[in-house]
Amino acid sequence: MDVDLTPKLPKNVFGGDGGSYQAWCPDDLGMLKRGNIGAAKLGLQKNGLALPRYSDSAKVAYVLQGNGVAGVVLPEKDEKVIGIRKGDAIALPFGAVTWWYNKEDTELIVLFLGDTSKGHKAGSFTDFYLTGTNGIFTGFSTEFVSRAWDVDESTVKALVGSQSGKGIVKLDGSIKLPEPKKEDRDRLVYNCEEAPLDVDIKNGGRVVVLNTKNLPLVAEIGLGADLVKLDGGAMCSPGFSCDSALQVTYIVSGSGRVQVVGVDGKRVLETTVKAGQLFIVPRFFVVSKICDPDGMSWFSIITTPDPIFTHLAGRTSVWKALSPAVLEASFKVSSEVEKKFRGTRTSDEIFFPPSK
């Protein structure tokens with residue numbers, strides 16, 4: 001497989017006083033195009049509004065920083081106005097219209113990861129804006145807008161020409177947008193920072209998994225996700241997705257080393273990853289990470305709503321399931337070596353604390 005797996009940072013697409021929109025380019029990160037994955041990041045300053053839009057791709061939105069408000073209109077549904085905060089994962093199926101607003105001093109940063117297999121460009125999201133200089137009103141003639149919405153020509157001119165911003169604008173602080181409703185978060189949002197832990201290993205790490213059980217809407221978008229926090233110096237067991245899924249990983253904080261091994265035992269990636277970088281592990285390739293002393297966390301999507309992983313080290317390792325004779329013959333080692341190999345990591349699962 002001849003493709004560069006080097007982790008990358010996003011590039012600026014557009015922005016202004018209200019905030020910025022960045023995206024990872026499939027020309028720089030080839031696995032985006034090959035895996036039909038899109039990745040982007042929205043940053044909103046105080047009073048920044050990301051204008052209403054819909055996308056050609058189903059996505060998971062993950063709040064990396066700050067607090068804000070999001071409006072979500074699912075197809076043939078009423079608007080849901082939700083308060084969002086760090087750790088929130090939001091499932092956004094095809095056809096969902098969204099807007100995003102930050103009324104706080106701290107920048108609101110939202111990560112978007114999704115499936116572009118039905119999109120216009122493999123590896124990139126294409127957004128369609130309802131308003132602004134690139135909104136749908138600007139493309140239709142005055143006659144069509146007037147007849148479709150039953151308004152006069154002066155109203156059409158106001159609708160088309162009043163908003164001079166593109167994508168993101170900064171509002172006057174006196175403008176009041178809808179207040180969020182607590183009940184609107186139900187079945188739409190799952191906070192990975194506050195959720196019960198699916199894995200918790202002392203001095204090793206913790207995992208929260210996003211799947212159809214805790215957020216049923218992910219079945220509709222066809223993606224699962226997880227938030228992993230690795231303690232300082234700990235290791236994540238070598239493992240692979242055994243259901244033909246890609247794993248798309250964004251480093252939220254910290255840094256560490258990563259190795260990926262592919263076909264014919266070839267090490268296809270060995271590098272240091274840092275906060276803000278994105279990398280993709282191809283189907284069935286084995287990946288392992290060792291974090292630096294300050295720890296590391298990452299948010300990943302997996303291209304199936306209920307992912308299954310096989311680990312190659314630890315108590316649940318596939319090696320533990322194979323019979324001793326098979327291991328001895330396969331490794332061409334003595335029974336003594338096989339017993340030493342099998343006898344390690346009998347209590348550790350997928351995270352291994354640093355050696356004392």
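**Surface residues, salt bridges and overall form**

Glu179 is exposed in this structure, with a relative accessible area of 52%. The model is a predicted one, and the residue makes a convenient starting point for a tour of the chain. Glu179 forms a salt bridge with Lys103, and the closest N and O atoms of the two side chains are 3.5 Å apart. This pair links distant parts of the chain: Glu179 belongs to the loop between S12 and S13, Lys103 to the loop between S9 and S10, and their positions lie 76 residues apart in sequence. Lys103 itself is partly exposed, its relative accessible area being 36%. Elsewhere, Arg53, Lys59 and Asp127 are joined into one network by salt bridges that share partners.

The count of salt bridges comes to 13. Another of them joins Lys46 and Asp105, whose closest N and O atoms are 3.1 Å apart. Lys46 is placed in the loop between strand S3 (37-44) and strand S4 (48-55), while Asp105 sits in the loop between strand S9 (97-102) and strand S10 (108-115), so this salt bridge ties together parts that are 59 residues apart in sequence. The two partners fall into separate exposure classes: Lys46 counts as partly exposed at 36% relative accessibility, whereas Asp105, with a relative accessible area of 62%, is exposed. The class of Asp105 follows from the cut-off, because exposed means over 50% relative accessible area. The loop between S9 and S10 thus appears in both pairs described here, through Lys103 and through Asp105.

A further salt bridge is found between Asp4 and Lys8, with 3.9 Å separating the closest N and O atoms. Here Asp4 is partly exposed, at a relative accessible area of 40%, and Lys8 also counts as partly exposed, at 23% relative accessibility.

With these pairs in place, the chain as a whole can be introduced. The chain contains 7 helices and 23 strands. Its C-alpha atoms fill a box of roughly 90 × 35 × 35 Å along the principal axes. Of its 356 residues, 46% count as buried. Among contacts with a separation of 6 or more, 73% are between residues 24 or more positions apart. The chain exposes about 17500 Å², and carbon and sulfur atoms supply 50% of this area. As for charge, there are 42 positive and 42 negative charges, and their mean positions lie 5 Å apart.

Part of the surface is nonpolar. Ile136, Phe140 and Phe144 make a nonpolar surface patch of about 290 Å². Within this group, Ile136 is located in the loop between strand S11 (127-129) and helix H2 (142-149). Ile136 counts as partly exposed, because its relative accessibility is 32%.

The backbone holds some points worth a look as well. Most residues other than glycine have a negative phi. Asp150, though not a glycine, has a positive phi near 55°. This residue is in the loop between H2 and helix H3 (153-161), and Asp150 counts as exposed because its relative accessibility is 70%. Arg187 is another non-glycine residue with a positive phi, in this case about 65°. Its place is the loop between strand S12 (168-170) and strand S13 (189-191), the loop that also holds Glu179. At 61% relative accessibility, Arg187 counts as exposed.

Finally, two valines show how residues separated in sequence are arranged in space. Val261 lies in strand S18 and is partly exposed, with a relative accessibility of 30%. Leaving aside residues up to four places away in sequence, Val261 touches Lys266, Arg267, Val268, Phe285 and Val286. From Val261 to Pro238 the C-alpha to C-alpha distance is 9.4 Å, and these residues are 23 residues apart in sequence. Val263 is found in the loop between strand S18 (247-261) and strand S19 (267-274), and at 52% relative accessibility this valine counts as exposed. Phe285, one of the residues touched by Val261, is 22 residues from Val263 in sequence, with their C-alpha atoms 7.4 Å apart in space.

Terms used. Residues numbered from 1 in each chain as written. Predicted model: local features only at pLDDT ≥ 70, side-chain atom pairs only at ≥ 80, totals over all residues. Heavy atoms only, no water. Patch = residues over 30% accessible without salt bridge, like charges linked within 9 Å, V, L, I, M, F, W, Y side chains within 5 Å. Areas by Shrake-Rupley, 256 points an atom, 1.4 Å probe, with all protein chains shown as cover. Salt bridge = Lys/Arg side-chain N within 4 Å of Asp/Glu carboxyl O. Helix = DSSP H or I, 4+ residues; strand = E, 2+ residues; numbered from the N terminus. Buried < 20%, exposed > 50% of the residue type's maximum accessible area, 1.4 Å probe, protein only. Contact = heavy atoms within 4.5 Å. Lys, Arg positive; Asp, Glu negative; His and termini not counted. Charge placed at Lys NZ, Arg CZ, Asp CG, Glu CD.
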